[in-house]
Amino acid sequence: MRAVVERVSRAKVTVNGWTSGEIGHGLLVLLGVGHGDTEADASYLAEKIAGLRIFEDSEGKMNRSVVDVGGSVLAVSQFTLYGDVRRGKRPSFDAAAPPEQARRLYEFFVQCVQAAGLRCETGRFQEMMQVELVNDGPVTILIDSRKGF
């Protein structure tokens, strides 16, 4: 399972002009599910993301988590995180999980984030979405549950 985590001052996702999820200060998480991913991968990512110390403390050091600062999470499914362009210019998505598995693990990830005490807004699974964000920093972190990077 892969995540692109962005520290934001605000973020919003819309589907067909309707706001599906919106947060202020917190984290935008673009989440991709791959073949072979399990609930253990989703749980690992949720715990890692909730505890990421990427918010500044009173001394200006990245020392606080989204939980510590009372922030929120906006989780958006994004199978294109498993796009492979090593063999050309058109991405292959063979490594992405099938929709049924991906939906189940995406929803489980959201539940894990909520269980960590965080407000978690969502996009709409398998829909065309428009994601707006103001990256704060900018701070962007890549996480792979298989520790591939």
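What radius of gyration would a compact globule of 149 residues have, and what does the chain have?

1. Overall size. The model is a predicted one. For 149 residues, a compact globule would have a radius of gyration near 15 Å, and the chain has 15 Å, so the two agree. The C-alpha trace spans about 45 × 35 × 30 Å along its principal axes.

2. Secondary structure. Two helices and eight strands make up the elements of the chain. Read from the N terminus, their order is β-β-β-α-β-β-β-α-β-β. Among contacts between residues at least 6 apart in sequence, 73% join residues at least 24 apart.

3. Burial and surface. Of the 149 residues, 42% count as buried. The accessible surface comes to about 8200 Å². Carbon and sulfur atoms account for 48% of that surface.

4. Charge. There are 18 positive and 19 negative side chains in the chain. The centres of these two sets lie 4 Å apart.

5. Main core. In soluble globular proteins, nonpolar side chains tend to be buried together. Here the largest nonpolar core has 31 residues, and the members that touch the most others are V5, L27, V29, L31, L45, I49 and F109. Two or more residues of this core come from each of β1 (2–15), β3 (26–32), α1 (39–51), β6 (72–77), α2 (99–115) and β8 (130–144). Helix α2 gives the most, with seven residues.

6. V5 and the second core. Leaving aside residues up to four places away in sequence, V5 touches L27, L28, V29, I49, L52, I54, V139, T140, I141 and I143. Apart from the core of V5 lies another core, of 11 residues, with V4, A11, V15 and I23 among them.

7. P99. Where is P99 found? It is in helix α2. Is P99 buried or partly exposed? Its relative accessibility is 33%, and partly exposed covers the range between 20% and 50%, so P99 counts as partly exposed. P99 touches F125 and Q126, residues up to four places away in sequence not being counted. F79 is 20 residues from P99 along the chain, and the C-alpha atoms of the two are separated by 9.1 Å.

8. Backbone points to check by eye. Most residues other than glycine have a negative phi, and most peptide bonds are trans. Three places in this model depart from that description, and they are taken in turn below.

9. The cis bond. The peptide bond from G137 to P138 is cis, with omega near -5 degrees. P138 has its place in strand β8, one of the elements that give two or more residues to the largest core.

10. N16. This residue is not a glycine, yet its phi is positive, near 50 degrees. N16 lies in the loop between β1 and β2 (18–23). With a relative accessible area of 73%, over the 50% cut-off, N16 is exposed.

11. Q126. Here too phi is positive, at about 60 degrees, in a residue that is not a glycine. The loop between β7 (120–122) and β8 holds Q126. Its relative accessible area is 56%, so Q126 is exposed. Q126 is also one of the residues that P99 touches.

Notes
Residues are numbered from 1 along each chain as its sequence is written. This is a predicted model: local features need pLDDT of at least 70, side-chain atom pairs count only at pLDDT 80 or more; totals for chains, interfaces and linings use all residues. Side-chain values use heavy atoms; hydrogens and water are left out. Helices (H or I, at least four residues) and strands (E, at least two) are DSSP runs, numbered from the N terminus. The radius of gyration is taken over C-alpha atoms; the globule rule is 2.2 Å times the number of residues to the power 0.38. Buried means under 20% relative accessible area, exposed over 50%, partly exposed in between (1.4 Å probe, protein chains only). Contact means heavy atoms within 4.5 Å. Accessible areas come from the Shrake-Rupley method with a 1.4 Å probe; for residues, only the protein chains shown count as cover. Lys and Arg count as positive and Asp and Glu as negative; His and the chain ends are not counted. The place of a charge is taken as NZ of Lys, CZ of Arg, CG of Asp or CD of Glu. A nonpolar core is a set of buried Ala, Val, Leu, Ile, Met, Phe, Trp, Tyr and Cys residues joined through side-chain atoms within 4.5 Å.
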